[in-house]
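This briefing concerns the packing of two helices and the empty spaces of one protein model. The sequence and structure are shown below, followed by points grouped by topic.

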Amino acid sequence: MKRVVVLHGNGRIGSFLIPLLVREGFEVLNVSRSGKPSKFLEDPSWNKVNHVLLDREATTRDGTFGKRIAELHPDILIDIRSFTTNQVKPLVESLAGKIEHMIFTGTDWIHGKPEFSCCTEEQSRDCACFGPYGYEKLLMTEYLLREYDRTGLPVTVLHPGHLTQKNHLVTNPQGNQNHEVFSRIKRGETIMLPGDGNTYLHHVHTADVAEAFMCAIRTGTPAFGKEFHVVSPQAITMRYYAEQVYHWFGREPQIEYRPLEEWMRAEPNEVHAKRTEDHVLHSLSCSIEKARKILGWEPRYTSLDALHEVIVEWLDAEKLI
């Protein structure tokens, strides 16, 4: 039985991924600060998971993190929650030559302003101006792929879009996570979108992201040294997204448009305003042809399928909006 060590497996992606690993017949070790199963999705498979209590930040600071993970003797390592090169270096240095496969989570925000309507993994890489999150993930990805070129490190990087699932905040048609927007739509009130409403948002159901990890494991060697977008089959515009939500609640769309700067001045919450600005400037629509061709991955959910599950089947059904 092969052993899979998952870092931060009790988060959103892990809540779907770890039951898949258990059902596939792997021995699963979940490494986390809490040492507890996921709170996002109950599944009896969690009873077969070995929980390892480990403070990643503290052990990274004292230089023991890589050694502690190596002592678990993983055949496959899945790191769901790395953000910087310095966080993954201890794993690479401790596990190189001792592991069959390492899979890391990136982000589609490694891209800068898009050059094409459906960008590939190699396009628009200049993202430094957007802030540290996407840029640090880009540097992390480039480091890991250089290690593959230099040493043959068996590494794969998956780049999800906007994670979408029940029991968690979802990116709304304005490009932020204010669920009050859905309440206003449900009541048939007017909402205001930034720009002309043609900004792209690229969601993905978290269950599909989990399946992408499984596809990477099954693919093995052909996935080494490669990165893959993990998003729904098609992005949607803010305008179309908003219109569909109005229709789900039996309302006619009531949408106004404002230039981004004016929209931001009218938004009292700075966090929502900044998140919207980031989405408008990115406006990402990503191709998944590489993942389809090499990993054999095919998402089950469209963007609207995933969003309907969250907005109608959870938020509205539970009277949260």
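**Helix packing and empty space**

Helices α4 and α5 cross in a right-handed sense. The model is a predicted one. Besides this helix pair, the points below cover the two largest pockets, with volumes of about 910 Å³ and about 480 Å³, and a cavity of about 40 Å³.

**Packing of α4 and α5**

- Helix α4, spanning residues 85-95, packs with α5 at an angle of about 25°, and the two axes lie 9 Å apart.
- Angles under 35 degrees count as roughly parallel, so α4 is roughly parallel to α5.
- On the α4 side, the contact is made by Thr 85, Val 88, Lys 89 and Val 92.
- On the α5 side, Leu 139, Met 140, Tyr 143, Leu 144 and Glu 147 make the contact.
- By class, the residues of this contact between α4 and α5 comprise six nonpolar, one polar and two charged.

**Largest pocket**

- The volume of the largest pocket is about 910 Å³.
- Its lining consists of 34 residues, and those nearest the centre are Arg 12, Tyr 133, Gly 161, Leu 163 and Arg 275.
- At least two lining residues come from each of α1 (12-23), α5 (132-151), β7 (162-164) and α10 (270-282).
- Helix α5 thus appears in two settings, as a partner of α4 in packing and as a contributor to the lining of the largest pocket.
- The lining of the largest pocket divides into 13 nonpolar, 14 polar and seven charged residues.

**Second largest pocket**

- The second largest pocket has a volume of about 480 Å³.
- Among the 20 residues that line this pocket, His 8, Ser 32, Arg 33, Arg 56 and Arg 81 are the closest to its centre.
- Strand β2 (27-32) and helix α2 (56-61) each supply at least two residues of the lining of the second largest pocket.
- The lining of the second largest pocket holds seven nonpolar, seven polar and six charged residues.

**Cavity**

- One cavity of 30 Å³ or more is present in the structure.
- The largest cavity has a volume of about 40 Å³.
- Residues lining the largest cavity are Asp 108, Trp 109, His 162, Tyr 200, His 202, His 279, His 282, Ser 283 and Leu 284.
- By class, the lining of the largest cavity has three nonpolar residues, five polar and one charged.

Conventions:
Residues numbered from 1 in each chain as written. Predicted model: local features only at pLDDT ≥ 70, side-chain atom pairs only at ≥ 80, totals over all residues. Heavy atoms only, no water. 1 Å grid on protein atoms, 1.4 Å probe; cavity = no way out; pocket = protein on both sides within 12 Å on 5 of 7 lines; lining within 4 Å. Points joined across faces, edges and corners; volume = space filled by probe spheres on them. Helix = DSSP H or I, 4+ residues; strand = E, 2+ residues; numbered from the N terminus. Nonpolar A, V, L, I, M, F, W, Y, C, P; charged D, E, K, R; others polar. Axes fitted to C-alpha atoms, helices over the stretch in contact; angles between N-to-C directions. Parallel < 35°, antiparallel > 145°, perpendicular 65-115°, else oblique. Left-handed = near helix turned anticlockwise from the far one by under 90°. Contact = heavy atoms within 4.5 Å.
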